[in-house]
Amino acid sequence: MKKVILTATVTLLMLTATAQKVHIKKIVDQMEEEPMYLPSSDIVLANPTKTIGARISAFIDEKDTNIVIRTLNVSMVNIGSNCVENNEIVILFDDDTKMTLVSWNKFNCDGNAWFNLEPDEIETLSKLKIKKIKITNGSTFDSFTAIPKEKDKSYFIELMQAAKNKNIKTINK
C-alpha cells in the first residue's frame with residue numbers, strides 16, 4: 001500500500017513540475033545578429049462559428065541577460081473591419097480587477113494592434129488568471145468579448161514564469 005501511495009505521489013509531483021505548457025523559443029538565425037524570442041504559443045479567441053476572433057501574441061526581448069515581455073500584438077479578425085487604430089483591450093481577471101490597454105500603432109488594414117506593457121501591468125499579468133477579454137476596434141468601435149480556453153487563462157503567468165526561470169528552447173536556423 002505504501003508503494004502505491006508513494007508512486008501516486010511521485011507521479012503527481014512529476015505532472016505538476018512539467019505542467020507548464022508555455023515556454024520561450026529562442027530562434028538563432030546565422031544571418032541575423034540578434035536572436036529572436038517568441039512564446040511557444042499564443043492566445044486564440046474566437047466566436048462559436050469561428051468568424052470573429054483575435055490572436056494575442058507576446059513579444060519578448062533580452063535585456064541585460066534577462067528575458068522580458070514588453071509588448072502585446074493583437075491580430076483582429078472581423079471585429080468591425082480589419083482596418084484598425086486606437087484599439088483597446090480590456091482584460092478581466094479572476095479577482096474581478098481589470099486592465100485596460102490602448103494601442104499605440106498607426107492606422108492599418110491588417111488588423112494588427114500593438115500594446116506596450118508597463119512594469120505594473122507585467123506584474124499583474126504574471127500573478128492573475130484571465131477571466132475574460134474584450135477587444136475593441138477603435139476605428140469602427142465594434143468589440144468582441146471572449147472567455148479564453150482553460151489552458152489560456154494562466155497563459156501570462158506561465159509565460160512570465162518561463163521568462164523568469166529562463167525556460168528557453170533554442171532553435172537554430
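Is Tyr155 buried or exposed, and what is its relative accessible area? In this predicted model, Tyr155 is buried, with a relative accessible area of 1%. Phe156 likewise counts as buried, at 2% relative accessibility.

Aromatic contacts were examined across the whole structure, and the search finds 3 aromatic pairs. A pair of aromatic rings is described by the distance of the centres and the angle of the planes. In the pair formed by Trp104 and Trp114, the ring centres are 6.5 Å apart and the planes stand at 40°, so the arrangement is tilted. Because Trp104 is placed in the loop between S7 and S8 while Trp114 belongs to strand S8, this pair ties together parts that are 10 residues apart in sequence. Trp114 is partly exposed, its relative accessible area being 25%. For Tyr155 and Phe156, by contrast, the centres of the rings lie 5.1 Å apart with the planes at 85°, and the pair is therefore edge-to-face. Ring pairs also join Phe59, Trp104 and Trp114 into a cluster.

The cysteine residues were considered next, and the count comes to 1 disulfide. This link is formed by Cys83 and Cys109, whose sulfur atoms are 2.0 Å apart, a distance that satisfies the cut-off of within 2.5 Å. The angle about the S-S bond is 100°, and the link of Cys83 and Cys109 is right-handed. Cys83 is located in the loop between strand S5 (66–77) and strand S6 (88–93), whereas Cys109 is located in the loop between strand S7 (98–102) and strand S8 (112–116), so the disulfide ties together parts that are 26 residues apart in sequence. Both partners fall in the partly exposed class, Cys83 with a relative accessible area of 21% and Cys109 at 42% relative accessibility.

The loop between S5 and S6, which holds Cys83, also contains Asn78 and Asn86. Most residues other than glycine have a negative phi. Asn78, however, has a positive phi, near 60°, and Asn86 has a positive phi as well, near 50°. With regard to accessibility, Asn78 is partly exposed, with a relative accessible area of 41%, whereas Asn86 is exposed, because its relative accessible area of 51% lies over the 50% cut-off.

Empty space in the model was also analysed, and the largest pocket was found to have a volume of about 210 Å³. Its lining is made up of Ile67, Val68, Ile69, Ile122, Glu123, Ser126, Ile157, Met160, Gln161, Ala163 and Lys164. The elements that contribute two or more residues to this lining are S5, helix H2 (119–125) and helix H3 (155–164). Of these, H3 supplies the largest share of the lining, with 5 residues. Sorted by class, the lining of the largest pocket comprises 7 nonpolar, 2 polar and 2 charged residues. Helix H3, which spans 155–164, thus connects the description of the pocket with that of the edge-to-face pair of Tyr155 and Phe156.

Methods: Residues numbered from 1 in each chain as written. Predicted model: local features only at pLDDT ≥ 70, side-chain atom pairs only at ≥ 80, totals over all residues. Heavy atoms only, no water. Helix = DSSP H or I, 4+ residues; strand = E, 2+ residues; numbered from the N terminus. Buried < 20%, exposed > 50% of the residue type's maximum accessible area, 1.4 Å probe, protein only. 1 Å grid on protein atoms, 1.4 Å probe; cavity = no way out; pocket = protein on both sides within 12 Å on 5 of 7 lines; lining within 4 Å. Points joined across faces, edges and corners; volume = space filled by probe spheres on them. Nonpolar A, V, L, I, M, F, W, Y, C, P; charged D, E, K, R; others polar. Phe/Tyr/Trp six-rings, centres within 6.5 Å; stacked < 30°, edge-to-face > 60°.
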